[in-house]
Amino acid sequence: MLAIFLVTCLVAYAGYRLKSLTLSGAVLTVVTGTVIGYGFGWFGLYLLGVFFSTSSLASKYRAVDKAPVDEIVEKSGPRDYVQVLANGGIGMLTALAMAYTSNEAWLYAYIVSIAAATSDTWGSEFGVLAKRKPRSILTFRPVEPGTSGGVSLYGTVMSIVGAATIVLATYPFMTLDFEVTLALIALGLIGSVVDTLLGATVQRKYRCRVCGKQTEKQMHHGEATEYVKGWHWLGNDAVNFASITVAALICFFVFG
Ligand SMILES: [Zn+2]
């Protein structure tokens, strides 16, 4: 356990220095990594590392081209502790459940939670770079890149690739047959579809009083934005958390 804790500290420190994590995000990364290591050992930490490193790279990929998106999304830049909890909180719960019940379905639920987080992150980070404007998953009307609830072909393909990357990354350590592999990838993708559906329907959205753009930020151009629609308490992090929970729970019931 000490070794797992120390490695997690190193990774969190690197994430902080590389500006992928805020200080609070780095602290929560140590907590998340240690708990996941407690439940799933080095394998759990390894899978978390694949998510963490590929998603950080995806965020940095063509960052300059993604600058306009920062005006729309609730948070950009280094991840804070709420974002770490939104993506890794369910992983921690499955790790604790695994440690105390030894039901192997929790392991699959963990893999799906990480696959869903990766699928969603890759879908957004790459999707905003699609050549054509994304369309609302509900109305199919074009929306600004970065708008929650928008989908593009490129983003969807990258969501699938993201989920598949996590599931295939387990291959050196687990024996999964073809059907199980496909099921886990599909469950990861379901997580990001739920995320998009919640983003299109009940996630809170605002409009800037200065520039008139729709945004998820509560402040824009130095002024408080005006409420447009959605549940006031449901921001991007809560949507992330909810969609990962749904995917992991479905997985637990399928495999349990
Ligand atoms: Zn504005």
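Residues are taken here as buried under 20% relative accessible area, as exposed over 50%, and as partly exposed in between. The structure described is a predicted model, and by this scale Cys 211, with a relative accessible area of 37%, is partly exposed, whereas Cys 208, at 3%, is buried.

Both cysteines belong to the zinc site, in which the ion is coordinated by the SG atoms of Cys 208 and Cys 211 and by the ND1 atoms of His 220 and His 221, at 1.9 to 2.4 Å. Along the chain these donor residues follow the spacing C-x2-C-x8-H-H. The four donor atoms subtend angles of 100 to 121° around the zinc ion, and the arrangement is therefore tetrahedral. As for the cysteines in general, the search for disulfides gives a count of zero. Cys 9, with a relative accessibility of 26%, counts as partly exposed.

The hydrophobic interior was examined next. The largest nonpolar core holds 41 residues, of which Leu 47, Ile 111, Ile 166 and Leu 184 touch the most other members. Two or more residues are given to this core by each of H2, H3, helix H4 (105-127), H5, helix H6 (178-201) and helix H7 (236-255), and H4 supplies the largest share, namely twelve residues. When residues up to four places away in sequence are not counted, the contacts of Ile 111 are Phe 43, Leu 47, Ile 166, Val 167, Thr 170, Met 174 and Leu 184. A second core, separate from the one just described, consists of seven residues, including Ala 12, Leu 21, Leu 28 and Val 84.

A polar residue with a low accessibility is Ser 159, which is placed in helix H5 (residues 153-169) and counts as buried because its relative accessibility is 8%. With residues up to four places away in sequence again left out, Ser 159 touches Ser 119, Gly 123, Leu 189 and Ser 192.

Aromatic pairs were sought over the whole structure, and twelve were found. In one of them, the rings of Tyr 38 and Tyr 100 have centres 6.4 Å apart and planes at 55°, so that the pair is classed as tilted. This pair links distant parts of the chain, since Tyr 38 lies in helix H2 (residues 23-60) and Tyr 100 in helix H3 (residues 81-101), 62 residues apart. The two partners fall into separate accessibility classes: Tyr 38, with a relative accessible area of 40%, is partly exposed, while Tyr 100, at 62% relative accessibility, counts as exposed. Elsewhere, ring pairs join Tyr 61, Trp 122, Phe 126 and Tyr 154 into a cluster.

Finally, backbone geometry was considered at two loop positions. Lys 19, although not a glycine, has a positive phi of about 65°; this residue lies in the loop between helix H1 (2-17) and H2, and its relative accessible area of 59% makes Lys 19 exposed. Arg 62, likewise a residue other than glycine, has a positive phi near 50°. Arg 62 is placed in the loop between H2 and H3 and, with a relative accessible area of 40%, is partly exposed.

Definitions and conventions. Residues are numbered from 1 along each chain as its sequence is written. This is a predicted model: local features need pLDDT of at least 70, side-chain atom pairs count only at pLDDT 80 or more; totals for chains, interfaces and linings use all residues. Side-chain values use heavy atoms; hydrogens and water are left out. Donors are N, O and S atoms within 2.8 Å of the metal (3.2 Å for Na, K and Ca); water is not among the atoms, so sites may look incomplete. Four donors count as tetrahedral if all angles lie between 85 and 135 degrees; four count as square planar and six as octahedral if opposite donors are over 155 degrees apart and all others between 65 and 115; anything else is irregular. Buried means under 20% relative accessible area, exposed over 50%, partly exposed in between (1.4 Å probe, protein chains only). Rings of Phe, Tyr and Trp (its six-membered ring) pair if their centres lie within 6.5 Å; planes under 30 degrees apart count as stacked, over 60 as edge-to-face and the rest as tilted. Helices (H or I, at least four residues) and strands (E, at least two) are DSSP runs, numbered from the N terminus. Contact means heavy atoms within 4.5 Å. A nonpolar core is a set of buried Ala, Val, Leu, Ile, Met, Phe, Trp, Tyr and Cys residues joined through side-chain atoms within 4.5 Å. A disulfide is a pair of cysteine sulfur atoms within 2.5 Å.
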